[in-house]
Amino acid sequence: MIELSDIGEAQIIEGLPASPGIVIGKAFILDTERPHVEEEPIPPEDIEEEIGCFISAVEDTKNELVRLRSSLEEELGETHAMIFDPHLMILEDSMVIDGTVRRIKENGINAAFALTENIGIVTKAMSRTQDEYLRERVYDIKDIERRLLMRLLGRKAKSLRHLEDNVIVIAQVLAPTHTASMHRERVMGFGTEVGGRTSHAAIMARSLEIPAVVGLRDATDIIRQGETIILDGTVGLLVHRYDNAILDYYLDRKRKLEEFERELLTFKDYPAVTKDGRKFELGANIELPDEVNSALSHGAEGIGLFRTEYLFIAEDELPTEEEQYDAYRAAVEAMAPSYVVIRTLDVGGDKFGPQGPAERESNPFLGWRGIRYSLSNPDVFLKQLKAILRASSHGNVRIMFPMISSLQEVRDAKQVLAAARQELRMEGLAFDEDVPVGIMVETPAAAAIADVLAEEVDFFSIGSNDLVQYTLAVDRGNDRVAYLYDQYHPAVLKLIDATVRAAKRHKKWVGICGEMAGDPLSVLILIGLGLNELSTSPLMLPEVKSIIRATSYNYARKVAQRAMSKRTGPEVRRYLETIFRKRFPEISETEMIT
Ligand code: PEP
Ligand code: MG
């Protein structure tokens, strides 16, 4: 990768790329800190009035959120609007509300102080957990606390609603309450300190098609309000205090990137076919049904991965069969007659909703995750399968099971699927009897027994994100071992190759839906190994297609074989970079390859 220090002077904060693109503009530091409050005694005769003030602050905040919710629903649909429900529930929660009222009364103190004390206790235990779902809820509670305090103190919160300039929003965390009310035309990008690729800010940025970088440690302390910054969502950097050489470099890169993207989009309706006539399918990965718009506008031929976790994680209650059916049906109808691979719930690891285990597991990625969770909760699983099957009568659905590590799991999952079909028949509800059933190959075990599994299913989709993590024993979310997370590692390439070969032997369709599918350097290897489909974020599809169209299958096969003969990941990467510099100079530039 290009070192910016070779170009000029700049301060850099490294984060994780969450939504691609480059923006240069003024930073808007969203103050997500709560105001400081002091304890003040309240005389007994004024206690009722103090409680009254608190209750009206709660009511006003509730009304404000209900308004926000319905305007979001109108604009982006129910699935986006649902993210407000936890906030509204917090405003009804007795620990939060009654607990504060009790404190005002019993301690004879001001409402603002009673609230912060009470919230401090409620969130203390929650903050210590590693559980991403509970931690996200802490942000929601703190967001509500801040809103209530602003009202109690008669202050106006800085919001994203009335932005006068175009800005890049930098925040510790971006809550749905911020993004829902923001002045969209003015927001050029997001940078957040907290959150991964599947955090709310990241998902929102991808649906709005604006650049985003997450995991920018201490950015709100380091960056000054109004400072001009560069946010590079393609590589995952925030650049500031830069000299003219860096600015010129970025202006030039941004111009080329945008020009290149425009050019690529003109090929959106062309097939992903190599020069020697081999056709590949390009799918899009989505988290929410309305992302199909972005998938279609970027030339996706299908949805290679519909992650259904968001439907479950955004809510405090599990979604009903009907709610799920509506969401799946929306995506399926919008894509019809093209395929939609709906993956059953893959909670666990770093993604847990209300269904999480009561106690923290010491190895969550090796624990109660994916199909393991579904099989031990047959009611939840059955309901989801019924909803997916019902959606299948509106288009072209494929069902996929995540985190498979044994044949027994596939058989057990198919049994629940058979029960779901049976119930629908008895209820007289329509579904497609021939829905293909597949699995994610994302554990080394599944790759190693791919031949056996291929006999049991209709298709495979390789989950490289997890396959890399499990093959190399590297936690995909742990900064300390991130340098070992290497998708070019020969062990990973060998398992992908073995999986594709097994699928071919059994004449089964095989795709890949991990981030590797959207990594330009990996594309030649993946098509050279003979995958049928590459599925990735919609925004990456035009670039992937341009690589496929500019190469021959014969050449890609040679590249894949050469890459497989290398001994280390860095050797593979260097080899691919050399090819890219020669054959794809525009892409080398956008990806900052020297
Ligand atoms: C993967 O593991 O590659 C994958 C696509 O699934 P997820 O990232 O949702 O675990
Ligand atoms: Mg996975």
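In the predicted model, strands β4 (residues 167-171) and β5 pair in the parallel sense, with five bridges between them. Within this pairing, valine 169 has phenylalanine 190 of β5 as its bridge partner. On β5, phenylalanine 190 also stands opposite alanine 212, a residue of β6. The pairing of β5 with strand β6 (residues 212-214) is again parallel and rests on two bridges. Phenylalanine 190 thus has a partner in β4, valine 169, and another in β6, alanine 212. Strand β5 itself, spanning residues 187-192, is mostly covered, and six of its six residues are buried.

A second set of parallel strands involves β11, β12 and β13. Strand β11 (residues 302-307) runs parallel to β12 and is joined to it by three bridges. One residue pair in this part of the model is phenylalanine 306 and its bridge partner in β12, isoleucine 342. Strand β12 also pairs with strand β13 (residues 396-401), in the parallel sense and over five bridges. Here tyrosine 339 stands opposite asparagine 396 of β13. In a regular strand, side chains alternate between the two faces of the sheet. Both faces of β12 are covered: one side carries Tyr339, Val341 and Arg343, the other Val340 and Ile342, and all of these are buried. Strand β12 (residues 339-343) is accordingly described as mostly covered, with five of its five residues buried.

Ligand 1 has 15 residues around it, and those that come nearest are Arg307, Arg343, Asn465, Asp466 and Arg476. Of these, Arg343 is also one of the buried residues of β12. By residue class, the shell around ligand 1 divides into three nonpolar, four polar and eight charged residues. In terms of secondary structure, β11 and α19 (464-472) each supply at least two residues of this shell. The largest share, three residues, comes from α19.

Several polar atoms of the protein lie at short listed distances from oxygen atoms of ligand 1. An N or O atom in the side chain of glutamate 442 is 3.0 Å from an oxygen atom of the ligand. For the side chain of arginine 369, the corresponding distance between an N or O atom and a ligand oxygen is 3.3 Å. The backbone contributes as well, since a polar backbone atom of serine 464 is 3.1 Å from an oxygen atom of ligand 1. On its own, ligand 1 has 290 Å² of accessible area, of which the protein covers 99%.The magnesium ion (ligand 2) has two protein donors, Glu442 (OE) and Asp466 (OD), which lie 2.0 to 2.1 Å from the ion. Glutamate 442 is in the loop between β14 (437-441) and α17 (444-448), whereas aspartate 466 is in helix α19, so the pair ties together parts that are 24 residues apart in sequence. Glutamate 442 and aspartate 466 are both buried. Each also takes part in the surroundings of ligand 1: the side chain of glutamate 442 has an N or O atom 3.0 Å from a ligand oxygen, and Asp466 is among the residues that come nearest to ligand 1.

Helix α21 (residues 520-528) has nine of its nine residues buried and is therefore largely enclosed by the rest of the structure. The buried residues of α21 are Pro520, Leu521, Ser522, Val523, Leu524, Ile525, Leu526, Ile527 and Gly528. Just after α21, a positive phi of about 95° is found at glycine 530.

Strand β17 (residues 533-536) contains serine 535. This serine 535 is buried, and its relative accessible area is 0%. Its side chain makes a polar contact of 2.7 Å with the side chain of asparagine 285. The side chain of serine 535 also reaches the backbone nitrogen of alanine 284, at 3.4 Å.

Valine 492 belongs to helix α20 (residues 490-505). With a relative accessibility of 0%, valine 492 counts as buried. Valine 492 and serine 393 are 99 residues apart along the chain, and 37 Å separates their C-alpha atoms.

Terms used
Residues are numbered from 1 along each chain as its sequence is written. Chains are lettered from A and ligands numbered from 1 in the order in which they are written. This is a predicted model: local features need pLDDT of at least 70, side-chain atom pairs count only at pLDDT 80 or more; totals for chains, interfaces and linings use all residues. Side-chain values use heavy atoms; hydrogens and water are left out. Buried means under 20% relative accessible area, exposed over 50%, partly exposed in between (1.4 Å probe, protein chains only). Helices (H or I, at least four residues) and strands (E, at least two) are DSSP runs, numbered from the N terminus. Two strands pair if DSSP finds at least two bridges between them. A residue is near a molecule or strand if one of its heavy atoms lies within 4 Å of it. A polar contact is a pair of N or O atoms within 3.5 Å; within protein, one must be able to donate a hydrogen and the other to accept it, and residues adjacent in sequence count only if both atoms are side-chain atoms. Accessible areas come from the Shrake-Rupley method with a 1.4 Å probe; for residues, only the protein chains shown count as cover. Ala, Val, Leu, Ile, Met, Phe, Trp, Tyr, Cys and Pro count as nonpolar, Asp, Glu, Lys and Arg as charged, and the others, Gly among them, as polar. Donors are N, O and S atoms within 2.8 Å of the metal (3.2 Å for Na, K and Ca); water is not among the atoms, so sites may look incomplete.
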